[in-house]
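Colleague: Could you take a close look at one part of this model for me? I would like to know how a single helix sits among its neighbours, told as one connected account.

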Amino acid sequence: MTNVTMTVNGKSRTAAAEGRTLLVDWLREGLRMTGTHVGCDTSQCGACVVHVNGVAMKSCSVLAQEVDGAEVTTIEGMANADGSLGTIQQAFQDYHGLQCGFCTPGMVMSAAALLKENPRPTEADVRHYLEGNICRCTGYHNIVKAVMAASGQQVAPVAAE
Ligand code: FES
Ligand code: FES
């Protein structure tokens, strides 16, 4: 075991990691930050996406020791300073971009990375960017609407189901 220190959501955090400890396990078990989810063991689902030094990454495919010293942003860092939902989170709520919510942390983190790169994406851009995030509930359409709305673009309201 070696102590690993990262700046997580703006605060310096230290926890032990074995050589094989994945970043997602370091966050969830080492820091007890369980907003980042694990939805697969094949690096396919995207539920574990966080930002490492500003880049969206699947935290199940990175070793904690590899990113010792990094700046990490997780879903816990996406709320506003007063604890209210951040813009992307609010858009997911407003446009019914979630059902069970399991995929949502990863979706929000991927969406945030997209909007940083491309603040005015087309729907096709959103669908392309979120290809690495799997949702078993929503059919994706409302997720795309939520991301479009979070970018400040007009989106037709979601029809009642
Ligand atoms: S838990 Fe990382 S991609 Fe599924
Ligand atoms: S809302 Fe259930 S997996 Fe996406």
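Modeller: Gladly; what follows is a walk around helix α5 and the helices packed with it, in what is a predicted model.

Let's begin with burial. Helix α5 covers residues 141-150, and nine of its 10 residues are buried, so the helix is largely enclosed by the rest of the structure. The buried ones are Asn142, Ile143, Val144, Lys145, Ala146, Val147, Met148, Ala149 and Ala150. Notice that a lysine and an asparagine are on that list along with the nonpolar residues. The cover over these buried positions includes α2, α3 and α4, the last of these being residues 123-129.

Now the two ends. Tyrosine 140 is in the loop between α4 and α5, and its phi is near 75°, a positive value in a residue other than glycine. For context, most residues other than glycine have a negative phi. With a relative accessible area of 31%, tyrosine 140 counts as partly exposed, because that value falls between the 20% limit for buried and the 50% limit for exposed. After the helix comes glycine 152, whose phi is also positive, near 85°.

What does α5 pack against? Take α3, residues 104-117: the axes of α3 and α5 come within 11 Å and cross at roughly 40°. That angle makes α3 oblique to α5, and the crossing is right-handed. On the α3 side the contact is made by Met107, Ala111, Leu114 and Leu115, which meet Ile143, Val147 and Ala150 of α5. By class, this contact has seven nonpolar residues, with no polar and no charged ones. The spacing of such positions is easy to rationalise: an α-helix has 3.6 residues a turn, so residues three or four places apart point the same way.

Helix α3 has a second partner to consider, α2. The axes of α2 and α3 come within 10 Å and cross at roughly 125°; α2 and α3 are therefore oblique to each other. This crossing, too, is right-handed. Here Ile88, Gln89 and Phe92 from α2 meet Thr104, Met107, Val108, Ala111, Ala112 and Leu115 from α3. By class, the contact of α2 with α3 has seven nonpolar and two polar residues, and no charged ones. Met107, Ala111 and Leu115 of α3 appear in the contact with α5 and again in the contact with α2.

These helices come together in the largest nonpolar core, which has 26 residues. Met78, Ile88, Phe92, Met107, Val126 and Val147 touch the most other members. Helices α2 (87-94), α3 and α5 each supply at least two residues of this core. In general, nonpolar side chains in soluble globular proteins tend to be buried together.

One of those highly connected residues, methionine 78, deserves a look of its own. Leaving aside neighbours within four places in sequence, methionine 78 is in contact with Thr73, Gly86, Ile88, Gln89, Val108, Met109 and Ala112. Apart from this core lies another, of 17 residues, among them Ala15, Ala17, Val50 and Ala70.

To sum up the part you asked about: α5 has nine of its 10 residues buried, a contact with α3 that is made by seven nonpolar residues, and a share in the largest nonpolar core.

Methods: Residues numbered from 1 in each chain as written. Chains lettered and ligands numbered in written order. Predicted model: local features only at pLDDT ≥ 70, side-chain atom pairs only at ≥ 80, totals over all residues. Heavy atoms only, no water. Axes fitted to C-alpha atoms, helices over the stretch in contact; angles between N-to-C directions. Helix = DSSP H or I, 4+ residues; strand = E, 2+ residues; numbered from the N terminus. Parallel < 35°, antiparallel > 145°, perpendicular 65-115°, else oblique. Left-handed = near helix turned anticlockwise from the far one by under 90°. Contact = heavy atoms within 4.5 Å. Nonpolar A, V, L, I, M, F, W, Y, C, P; charged D, E, K, R; others polar. Core = buried A, V, L, I, M, F, W, Y, C linked by side-chain atoms within 4.5 Å. Buried < 20%, exposed > 50% of the residue type's maximum accessible area, 1.4 Å probe, protein only.
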